[in-house]
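Me: Could you walk me through this chain? I have the sequence and the model open, and I'd like to go through the cysteines before anything else.

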Amino acid sequence: MERTLIQVIATMMVFLTLGFQPVLSQVEITRTGCGTTKFCLEEPVKCDPAVNTTPCLFGSGKATAFNNLTGIDLTFELSGNSTGYIALGLSQNASVGSTMLFVCGQNSSSNRTFFFMTMTLDNVNANLTSLARNVTGLQSSVVGENIKCKFSVSNLNATATALQTRANKDTTFQVVIGSGPFDGNTLGRFNLARNSGSLDLSVFLPNSTTNTTAAPSGANRPLYSNAVLPLLSFLTLSILKFA
């Protein structure tokens, strides 16, 4: 009886080891807070990103903190339909200079795998080049052609070169959204869908975080880790050895 019980437990562990995968909920993006706690930019105007049955390219940004020495921290949401990528960009002037572009996409040639990139868009010749820029709290989902992502970026400054940190922080940006193709290796041309015009993002700061160094909010994470899988394997082997 005892031996049978041990074998049953070992069998359950094998099952868990082979089949246990983290389950992440689909990213939810809505219009809630638009114009009050976050800025929103969409095409068509006032379309709803929560309704996946109609095309809606939607981007939003919420200021989480500002510091005179480092700049403004923002949390972004991006949603839209594409077989390639959708993107949100920040610049001082979207007609000249460059735009920092945050790209969320799917690789249709690789089982619709999600990918994220930060790029520099030359506003004159439309060339895209890779940009090293840290983001935190990245969340994503791909359902059919619909792509959704959320992420946070710290220390943004509109007047600094490539939006890096510099004294006299400027929180007025032009925000753009758009999309483009992806061939499995290279991003295609960015197609602009909408430009916000000049927008001071500090107006969306909570009063309690102005002039602070509070960190941007991170993503919700599972309460478990993939490290559980090797542990279960080890325990299974140990039980079978002594059964």
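Me: How are the bonded cysteines paired, going in sequence order?
Reply: If the bonded cysteines of the chain are numbered in sequence order, the pairing reads 1-2, 3-4, 5-6. Please keep in mind that this is a predicted model, in which a search of the whole structure finds three disulfides.

Me: Which cysteines does each disulfide join, and how far apart are the sulfurs?
Reply: One disulfide is formed by C34 and C40, with sulfur atoms 2.0 Å apart. Another joins C47 to C56, with 2.0 Å from S to S, and C104 is joined to C149, again with an S to S distance of 2.0 Å.

Me: And where in the chain do C104 and C149 sit?
Reply: The C104 and C149 pair links distant parts of the chain, since C104 lies in strand β5 and C149 in strand β9, 45 residues apart.

Me: What about handedness, left or right, for the C34 and C40 disulfide?
Reply: The torsion about the S-S bond of C34 and C40 is about -85°, so this disulfide is left-handed. The link of C47 and C56 is right-handed, with 70° about the S-S bond, and for C104 and C149 the torsion is about 90°, so that disulfide is right-handed as well.

Me: Is C34 buried or partly exposed?
Reply: C34 counts as partly exposed because its relative accessibility is 23%, and buried would require under 20%. C47, by contrast, is buried at a relative accessible area of 11%, and C56 counts as buried at 6%. For C104 the relative accessibility is 0%, so C104 is buried, and C149 is likewise buried at 0%.

Me: Changing topic, what does the overall secondary structure come to?
Reply: The chain has two helices and 11 strands, and from the N terminus on the elements run α-β-β-β-β-β-β-β-β-β-β-β-α. Of the 243 residues in the chain, 40% are buried, and among contacts with a separation of 6 or more, 57% are between residues 24 or more positions apart.

Me: What is the strand order in the open sheet?
Reply: Six strands form an open sheet in the order β7-β6-β5-β4-β10-β11, with antiparallel pairing. Its edge strands are β7 (128–130) and β11, each of which pairs on one side only, and the twist averages 25° from one strand to the next.

Me: How many bridges hold β4 and β10 in register?
Reply: β4 and β10 pair in the antiparallel sense over seven bridges, and within that pairing L90 stands opposite V175 in β10.

Me: And how do β8 and β9 pair?
Reply: Strand β8 (residues 136–143) and β9 pair in the antiparallel sense over six bridges, with T136 standing opposite S152 in β9. The two strands form a hairpin with two residues between them, and G144 in the turn has a positive phi of about 65°.

Me: Now the inside. Which residues touch the most other members of the largest nonpolar core?
Reply: The largest nonpolar core has 28 residues, and I72, L74, F76, L88, L90, F102 and L156 touch the most other members. Several strands give two or more residues to this core, including β2 (57–67), β3 (71–81), β5 (98–107) and β10 (172–180), while the largest share, five residues, comes from β9.

Me: What does F76 touch, beyond its sequence neighbours?
Reply: Not counting residues up to four places away in sequence, F76 touches a set of residues that includes F39, L88, L90, F102, C149, F151 and L156. One of these contacts, C149, is also the cysteine that is joined to C104.

Me: Where is the other core, and what is in it?
Reply: A separate core of 12 residues lies apart from the largest one, with Y85, A94, L101 and V176 among its members.

Me: Last one: where is G197, and which residues is it in contact with?
Reply: G197 is in strand β11 (residues 191–200), and leaving aside neighbours within four places in sequence, G197 is in contact with F173, Q174 and V175. The C-alpha atoms of G197 and F173, which are 24 residues apart along the chain, are separated by 7.8 Å. G197 is partly exposed, with a relative accessible area of 24%.

Note on methods:
Residues numbered from 1 in each chain as written. Predicted model: local features only at pLDDT ≥ 70, side-chain atom pairs only at ≥ 80, totals over all residues. Heavy atoms only, no water. Core = buried A, V, L, I, M, F, W, Y, C linked by side-chain atoms within 4.5 Å. Buried < 20%, exposed > 50% of the residue type's maximum accessible area, 1.4 Å probe, protein only. Helix = DSSP H or I, 4+ residues; strand = E, 2+ residues; numbered from the N terminus. Contact = heavy atoms within 4.5 Å. Disulfide = S-S within 2.5 Å. Pairing = 2+ DSSP bridges. Axes fitted to C-alpha atoms, helices over the stretch in contact; angles between N-to-C directions.
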